[in-house]
Every structure is written in C-alpha cells, then in structure tokens.
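Reader: I'm new to this structure. Could you walk me through a few of its features?

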Amino acid sequence: MTFVRTVACWSCFAAAAATLTLPTLAADKKATKEPVAATPSYYGPQPATENLDLTMYARIREEGFMHSHVMEFADALTNGIGPRLTGSPNMKKANEWTRDTLTKVGLENAHLEDWGEFGMGWQQIGTTARMIAPDTAPLWMQAAPWSPSTSGPVTGEAVLMNLTDMKDLDQFKGKLKGKIVLFGAIRTTPDLDKALFSRYTEAELKEMESAELKGGPDYKALLERRRKVYELRAAALKLMADEGVVAIITPSRDGGKGGGTGIIFDDNTANLALSAQKRENAITIPNGPMIVENYNRIARLLEHKVPVTLEVNIETKVTGDHEHGFDTVAEIPGTDPKLKDQVVMVGGHLDSWIAGTGATDNAAGSVVAMEAVRILKALGVKPKRTIRIALWSGEEQGLYGSQGYVKQHFGTFAEPEHPDPASMPSFLRSKGKLNTTKEWETLDAYYNLDNGTGKVRGVYTQENFAIGPIFAQWIAPLKDLGVTTITNRNTGGTDHLSFDAVGLPGFQYIQDDMDYETRTHHSNMDTFDRLHEDDLKQAAVVEAIFLYNTSEREQMMPRKPFPHPELDKQRSAPIEGIYPNAEK
C-alpha cells in the first residue's frame, strides 16, 4: 500500500440520479462531448433481491479451501523472486512470472501493458555498516531506494545534523568534507505495552457500519509544513554534496501504533527527495535508513561530544535511467452474447519496497487475486461477463500503474479552467471535465485487496450507497467465514481509488490488521513468514464469489453519480456577501 493515504470521494448528490446530464460514450476511445437521452441502467433502480447460486458458493469454498494454490503462488513470488521495486530487474521477473503463471492456470490473453516511463531501474546488491570508534559494533542499515553506491567501504567521522530552520545549516558550513552524516533527530522507542498483532473485534466492525462524519485533514496546512520540510532538506543535501559528505544515514521510522522498534522501514520516508527514482531528482550521496536503536546510540555519543568513526559500504546497481512500468493483465472471457463485452476486474499491486520481500504488501493481494481467478477457471466457470485480473506496478510511488491503466482504457480529466500550481501534489490538484471512453461504459466493477495478510471481514462501498444492500446479500452466506460488515465509508491509499476517481465502481475489502501497520508494512519484516495461509485462502474464496456474482447479474452494478469535479469545487466555495454588517 502506498505511503500517501488519500481518499477519492465525490460529493453525494440527490437520489434522483436520472436527472443528471450523462456523457455520451463514443467508441474507439474517443472523448465524449454530447449528453445522452437515456440513463444507463447502472444509474437506475436495482433488483431488491439478488439471485444467489449457493451451489456455486459451496463449489468455490471446496476448491479454495481443499485445493488451494495460494501459498504456492506466494512462495514463488516472495522467496523465488524477492523484492519488486518498480523499474527493477525483479519487477520485470514478477511481471513475466505472473503473466506466464496465469496462462498456465488457464486464463487467456495474458500480457503486459506499458503505462509509461517510471525512472531509474535500481537494485540493492548489499549494504553493511559498523562502528569503528570509540567502540566496535555491527550496525544494521539498508540502502534507501535509488541510492548510489559508495566507492567500496568508506570511513568517516560521524556528524549529527538535526535541523529545524535554515539558519541551523550555518554551523555545518566548512565542516563536512569526508564526514558521514546522521541526518535527523533521535527517535523515541515506545514501550511495547500493546500487542503488535490484532484482529477486528465485533464492536470495531459494528462501529464501521456507522457514517463517518468527521472532516478531512487540513491539506493546505499539511502542504505548507511539507513544503518547508522539503525546502530545508534540499538545502541540506546541497550543502552536503558541495562539501563532500561520503554517506548519509537516516533513522528508520517507528512503524506506527507503538511498534516498529528494531525494524528497518525503507519506504518514502527513507527517500530524501521527492520522485527520487528520476535521475534529475536523485540523491547523489550514498544513503540509507538504520534501525532506531543503532542510530540513537551513535547520536547520543555525538550529543555528548564523543567522536564516533563509522564505516559504511553501500553497493547498488542502476540498470537504466528511463525504465517503463508494466501491469500484468489476463482474463476469463465472457460467454453471454449480450454481456460478454462487459468486464469485471480484480487486482492488487505487484510492486513492493526493497527491505523485505513484499509479502503482505502486496504479494498477498496479488496472489489472492490469482487464486480467485484460478478457482473459477478450475471449476469450469463460463461467466456471462468477462473476468479480468490486473496486477499493478508503481503503486507505492503514487498508484502509477492503475492510474495509467484507467487513463488508457476508461477516461481522463481535462485541465481545469483555473489550474493549481505545479507544486500541488497530483492527488490534490483540481480537475476539469472527465472525458470517458467506450470501455468506461463496459467496466462493471473493480475489486482490490491491499491491507496485508488478514482475512476479509467486509467491504468499503466508497459511499456507493446503492451497492451496500447488494453486498449485504452476497455476504450473508459467508458470515461463518467472518465476513459480516458493509460500510459506506471511504478507504484510501491503494488502487481502487484510480477507478473511483473516474466514477467507476472500485472497492477495497476490510481486512484484519494482524501486524501490518506495526511490523510488516514497508519493512524488512515483510516476508513470506508473515503470511497466514488460512486467511489468504478465505480471502481468495470471498473474492472468487464476488467476481462470480458480479459476472452473473442481469444488470450492471450501480454507480455513484457521474463525477463533476469543477462543479463540486464551485459548490464548495464560500458564498459571497452573507456575513451580517460586513463592509461592501
């Protein structure tokens, strides 16, 4: 799951969806311009009762629990291939392995789709560090993604650089040549007074069923704080490069929820620059995160004016400056002459960070999707609609793979009349009119799994209120598997948002937390050993049932009102001239 957690939420309009002006959906991916006279069925009423095939439920359960291949897939992907940073040689192996494996289990049209240039192809060969003086000690660190190599082992005096303001840089000018910089403050190590591993309680799941009325974050204030941090960081990096610093060590983050001590997290927070995979943004000094306990010891020695000498050896390899990203796509073709051109999609992101082997984030979601379609194929299901699996890359850096797929197949936003500044992050920028394609009309639903290894407990509807009663009927026969909860809340941070943003039904499952947030998310602990076989089997069974039910319905799944981002922005603007006694 990507580090940036955003929510794509379109305003909920009045229930009379039929009164909306809807886009013409022209063939051959041409942009649409004229309104249509009739309202498509996915905006109209839905049947009150779902036609459930409980015999198929039973067959899917038996295949998924008694003949599962989910751990076989997971072992090959995590242990056999390893970490899968987008653009890296391992990511290429993962794309090709998933394509070939999906073909072996019987899916058709398995292929890779290029979503565009990503940046540097990079891999870590090896990283070591040790203290030489005043004591000797091995130190535990990794290279940050896209870090350059040191020229073999480099030795230098350690310098602690903890900055709060630009003027703090003055004390380091002329003093950094040949040094190894500890960049950042001492990190607190919280007491582990709570379990690192948890499942949802019935009370927590019940609470999720209620509306979430709290307001969102103050993005303007957040962006201002981030801008100041990155400006200060950029100035510090320039000073260090100009003066000849030989290596930079950063403290690993704490993992959240009181956990994370003794663990290396190597995600966005380890990267000292935005878009570090681009050559023009790359850090020129070898750098990487170190576990908090090692980092803090060195920092405390330096605070007490004790000289510290370190040795660091970072060996990495750049395989290209302009590597492209690819999604793996395959399908079970539909068989109903009237419905086969409509598509039900399932997926998860295939890419990962590098410290571990990307098992819970997100080999789990990828292999569950693979197992779900394998189950249906093994049962000889001939769906009415086409069932398509897509495994994304570039998710960790900003949903690049799924966003690229959505742009190429379903629609794009025009530039707004009043564009935001280029410094505004893409997920916060204003959007113009949505121009859709013919394929936009035929996408029925997309299902995503990306919250670790925990069993499925329900579904987020992303405020698609019409779909809640449908899902509630689907999960009623699954309560004995722990699937009980439908919530109209939004959840962010992963690839269903790419579909939801363009008005398509995109959903993420509710999963038990396990130790995802405290220990495995973006860390060196994210390995095959942290996967729970029974939970992954359950998730694949649930996902296969959702795919089957969607493929067999007479009507397409209901959609939220067509997105009008420019109109939403206007409606949210303050109303002029309403404050009493204000000067004109």
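Reader: Thanks! How many aromatic pairs does a search of the whole structure find?

Author: Happy to help. Keep in mind that this is a predicted model. A search through the whole of it turns up aromatic pairs numbering 23.

Reader: What kind of pair do the rings of Tyr447 and Phe471 make?

Author: The centres of these two rings are 6.3 Å apart, and their planes meet at 55°. Tyr447 sits in strand β12 (residues 443-448) and Phe471 in helix α10 (residues 468-475), so the pair links distant parts of the chain, 24 residues apart. Planes under 30 degrees apart would count as stacked and those over 60 as edge-to-face. With its angle of 55°, the pair is therefore tilted.

Reader: How is helix α1 oriented relative to helix α7?

Author: Helix α1 (residues 54-66) and helix α7 (residues 359-378) have axes that come within 10 Å and cross at roughly 120°. That crossing angle makes α1 oblique to α7.

Reader: Which residues make the contact, and how many of them are charged?

Author: From α1 come Ile60, Glu63 and Gly64, while α7 supplies Glu371, Arg374, Ile375, Leu376 and Ala378. Sorted by type, the contact has 4 nonpolar residues and 1 polar one, and the number that are charged is 3.

Reader: Is the crossing of α1 and α7 left-handed or right-handed?

Author: Here we stay with the two helices whose axes cross at roughly 120°. Their crossing is right-handed.

Reader: Over which residues is the pLDDT below 50?

Author: For the chain, the mean pLDDT is 90, and 91% of the residues reach 70 or more. One stretch with 87 contacts in the model beyond near neighbours in sequence has a pLDDT below 50, namely residues 3-37.

Note on methods:
Residues numbered from 1 in each chain as written. Predicted model: local features only at pLDDT ≥ 70, side-chain atom pairs only at ≥ 80, totals over all residues. Heavy atoms only, no water. Axes fitted to C-alpha atoms, helices over the stretch in contact; angles between N-to-C directions. Helix = DSSP H or I, 4+ residues; strand = E, 2+ residues; numbered from the N terminus. Parallel < 35°, antiparallel > 145°, perpendicular 65-115°, else oblique. Left-handed = near helix turned anticlockwise from the far one by under 90°. Contact = heavy atoms within 4.5 Å. Nonpolar A, V, L, I, M, F, W, Y, C, P; charged D, E, K, R; others polar. pLDDT = per-residue confidence, 0-100. Phe/Tyr/Trp six-rings, centres within 6.5 Å; stacked < 30°, edge-to-face > 60°.
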